[in-house]
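This report describes how helices pack in one protein chain and where pockets are left between its atoms. The sequence and structure come first.

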Amino acid sequence: MLGLKLPTDPRWVNIVEKNIEEILTDHAFCEQKATSTAISIIVSFPEYTELIQEMVALVKEEISHFKMVHDKIIERGWTLGRDRKDDYVIQLVKFFPKGGSRRDQLVHRLLYAALIEARSCERFRLLSEELQDKELATFYRSLMASEANHYTMFLGFARKYGNKKEVDTKWQQLLEYEAKIISTLGTSEAIHG
C-alpha cells in the first residue's frame, strides 16, 4: 500500500529496544517537525484554500501526537532530550532541485511530506508488531493509521495541484532515491534512522 521500495530490516526494532528513551525523544521531535511542516505550508501557500484547511487540522493532530509521546516520556520518569539532526530527511530533501515554479515547489514539498509519512507508518507498523513492550506496541499501532492517512492526503494533494502523470513519475523516482537512503540507515534508535 505504501509503495516503499525497500522495507525496514526488522532487526531495527532490536536497536530501538535497547534505548526506548531515545526513540521516544526522536519520535517527539518528528511530531514537532510535522507540525512545523504543516504550518510552513500554510504560510508559504495560503492561496490553496482546501490544502490550508487540511493543514490546520494536521497541525492540531500532529501537536496532539507530540503531547502523547511527551506524556509517554514523562510517565517513564524521563525528560524530553534535545533534538538532533534527521539524516534521513536531510538526504531526502536533496532530491528535487531548488527553485522552479511555485507549483513545482509545492508539489515537491507535498511529495517529501508524503514519503516521510509513509516511512513513519511503515516503522510504526514494525514497532507495533515487534516491540516486546506491549504498551508501546499498542501505542504505535494506534498512531499507524494516522501516518497512513497523512501519506495519502499529501500524495493526493500533489496529484491534485500538479500534473498527475508528472507527479506520478516524480513520486516513483523519489521512492527509488529513498530506497538508496534507507539502505544506509536502520542502525540507530530513530524513527527514520
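In this predicted model, the axes of H5 and H6 come within 7 Å and cross at roughly 160 degrees. An angle over 145 degrees counts as roughly antiparallel, which makes H5 roughly antiparallel to H6. The crossing of this pair, H5 and H6, is left-handed. Sorted by class, the contact of H5 with H6 comprises 21 nonpolar, 3 polar and 6 charged residues.

H6 also packs against H3. Helix H3 spans residues 49-75 and helix H6 spans residues 134-161. Their axes come within 12 Å, again with a crossing of roughly 160 degrees. H3 and H6 are therefore roughly antiparallel to each other, and their crossing is left-handed. On the H3 side, the residues that meet H6 include Glu 50, Leu 51, Glu 54, Met 55, Leu 58 and His 65. On the H6 side, the residues that meet H3 include Phe 139, Leu 143, His 150, Met 153, Phe 154 and Phe 157. By class, 12 nonpolar, 3 polar and 9 charged residues make up the contact of H3 with H6.

The partner of H3 in another packed pair is H2. H2 and H3 pack at an angle of about 165 degrees, and their axes are 8 Å apart. That makes H2 roughly antiparallel to H3. The crossing of H2 and H3 is left-handed. The contact of H2 with H3 has 17 nonpolar, 5 polar and 3 charged residues.

The class make-up of the helix contacts is set out below.

| Contact | Nonpolar | Polar | Charged |
|---|---|---|---|
| H5 with H6 | 21 residues | 3 residues | 6 residues |
| H3 with H6 | 12 residues | 3 residues | 9 residues |
| H2 with H3 | 17 residues | 5 residues | 3 residues |

The helices also take part in lining pockets. How much space lies in the largest pocket? The volume of the largest pocket is about 660 Å³. Its lining consists of 30 residues, and Thr 37, Val 93, Tyr 112, Ala 113 and Ile 116 lie nearest the centre. Helix H2 (20-44), H3, helix H5 (102-130) and H6 each supply at least two residues of this lining. H5 gives the largest share, 10 residues. By class, the lining of the largest pocket divides into 15 nonpolar, 6 polar and 9 charged residues.

The second largest pocket has a volume of about 190 Å³. Which residues lie nearest the centre of the second largest pocket? They are Lys 85, Asp 87, Ser 188, Ala 190 and Gly 193, out of a lining of 15 residues. H2 and helix H4 (87-92) each supply at least two residues of the lining of this second largest pocket. By class, its lining has 3 nonpolar, 5 polar and 7 charged residues.

Definitions and conventions: Residues numbered from 1 in each chain as written. Predicted model: local features only at pLDDT ≥ 70, side-chain atom pairs only at ≥ 80, totals over all residues. Heavy atoms only, no water. Axes fitted to C-alpha atoms, helices over the stretch in contact; angles between N-to-C directions. Helix = DSSP H or I, 4+ residues; strand = E, 2+ residues; numbered from the N terminus. Parallel < 35°, antiparallel > 145°, perpendicular 65-115°, else oblique. Left-handed = near helix turned anticlockwise from the far one by under 90°. Contact = heavy atoms within 4.5 Å. Nonpolar A, V, L, I, M, F, W, Y, C, P; charged D, E, K, R; others polar. 1 Å grid on protein atoms, 1.4 Å probe; cavity = no way out; pocket = protein on both sides within 12 Å on 5 of 7 lines; lining within 4 Å. Points joined across faces, edges and corners; volume = space filled by probe spheres on them.
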